Amino acid sequence: MHSLAQEIQGFSKTRLKKQCTHVTTVMGKRLVERRRDGAEGETEEVEELEEETGCGFVQDKSLDLQVGIVRPFLLLASQDAAHDIDTLQRYKVSHVLNVAYGVANLFPDQLVYKTLHILDLPDTDITSYLGDCSSFIDQAREQSGVVLVHCNAGVSRSSSIVIGYLMLREGLSFDDAYRQVKQARPSVCPNPGFYQQLQNYKP
């Protein structure tokens with residue numbers, strides 16, 4: 001009967017199954033990482049997969065047209081909704097506050113736009129934009145308009161601006177403002193830096 005020590009000594013690395021890891025990058029590229037043993041020791045190869053190759057990751061290409069009605073004059077959504085004229089007309093949008101980075105305004109002849117290129121990074125000072133954004137929202141309201149606030153996904157930047165607006169203009173606490181915005185659009189999730197800044201925000 002073999003002892004465990006003998007079994008370990010007689011074990012060969014060649015009997016190990018080759019490792020192959022599938023990775024999907026933030027930008028949606030699909031990669032396969034393979035580890036191989038060669039004469040020069042272990043090497044790693046990375047190969048980019050073509051779109052057709054299945055690797056268990058399904059990219060969601062469906063449009064996010066869900067619009068959160070925070071107030072009758074204040075809506076929150078993704079860039080998909082901001083780029084969909086049917087959605088904009090259905091919700092009677094007259095003004096658009098675009099706080100995304102690198103997202104175009106598609107209907108300048110039909111709508112009033114304000115664009116602020118805000119980066120969705122925890123160390124971006126989101127509260128420094130609140131005064132400017134709130135003035136634009138007020139302007140829409142005074143003109144009996146409806147303003148749609150959007151970023152790319154309608155999750156972090158735009159939701160933070162809307163939460164900040166409710167705190168600044170309506171005197172709501174962070175918890176109340178966050179709850180009301182989350183109720184209107186359940187997918188909202190300010191990044192940790194924005195969340196902290198808004199929690200500490202004293203209008």
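This section describes the fold composition, the nonpolar cores, helix 5 and a surface patch of a predicted model.

The protein contains seven helices and eight strands. Of its 203 residues, 38% count as buried. The accessible surface amounts to about 12,300 Å², and carbon and sulfur atoms hold 51% of that area. Among the contacts in the protein with a separation of 6 or more, 56% are accounted for by residues 24 or more positions apart.

The largest nonpolar core comprises 35 residues, of which Leu74, Leu97 and Ile161 touch the most other members. Two or more residues are given to this core by each of strand 5 (74-77), helix 4 (130-142), strand 8 (147-150), helix 5, helix 6 (174-184) and helix 7 (192-199). The most is given by helix 5, with six residues. Apart from this core lies another, of 13 residues, including Val67, Ala82, Leu88 and Leu111. For leucine 74, when its neighbours within four places in sequence are left aside, the contacts are with Gly68, Ile69, Ile137, Val147, Val149, Val162 and Tyr165. Of these partners, Val162 and Tyr165 are buried residues of helix 5.

Helix 5 spans residues 157-170 and has 14 residues. From its first C-alpha to its last, helix 5 reaches 20 Å, close to the 20 Å expected at 1.5 Å a residue. The helix is mostly covered, with eleven of its 14 residues buried. The buried positions are Arg157, Ser158, Ser159, Ser160, Ile161, Val162, Ile163, Gly164, Tyr165, Leu166 and Met167. Ile161 is thus listed among the buried residues of helix 5, and Ile161 is also one of the three residues that touch the most other members of the largest core. Just after the helix, glycine 171 adopts a positive phi of about 70°.

At the surface, Tyr101, Leu119 and Leu121 make a nonpolar patch of about 300 Å². Tyrosine 101 is located in the loop between strand 6 (95-98) and strand 7 (112-115). Its relative accessibility is 51%, and because the cut-off for exposure is over 50%, tyrosine 101 counts as exposed. The model thus includes a nonpolar patch at the surface as well as a nonpolar core of 35 residues.

Conventions:
Residues are numbered from 1 along each chain as its sequence is written. This is a predicted model: local features need pLDDT of at least 70, side-chain atom pairs count only at pLDDT 80 or more; totals for chains, interfaces and linings use all residues. Side-chain values use heavy atoms; hydrogens and water are left out. Patches are made of residues with over 30% relative accessible area and no salt bridge: like charges are joined within 9 Å, nonpolar side chains (Val, Leu, Ile, Met, Phe, Trp, Tyr) within 5 Å. Accessible areas come from the Shrake-Rupley method with a 1.4 Å probe; for residues, only the protein chains shown count as cover. A salt bridge is a side-chain nitrogen of Lys or Arg within 4 Å of a carboxyl oxygen of Asp or Glu. Helices (H or I, at least four residues) and strands (E, at least two) are DSSP runs, numbered from the N terminus. Buried means under 20% relative accessible area, exposed over 50%, partly exposed in between (1.4 Å probe, protein chains only). The expected span of a helix is 1.5 Å times one less than its number of residues. A nonpolar core is a set of buried Ala, Val, Leu, Ile, Met, Phe, Trp, Tyr and Cys residues joined through side-chain atoms within 4.5 Å. Contact means heavy atoms within 4.5 Å.
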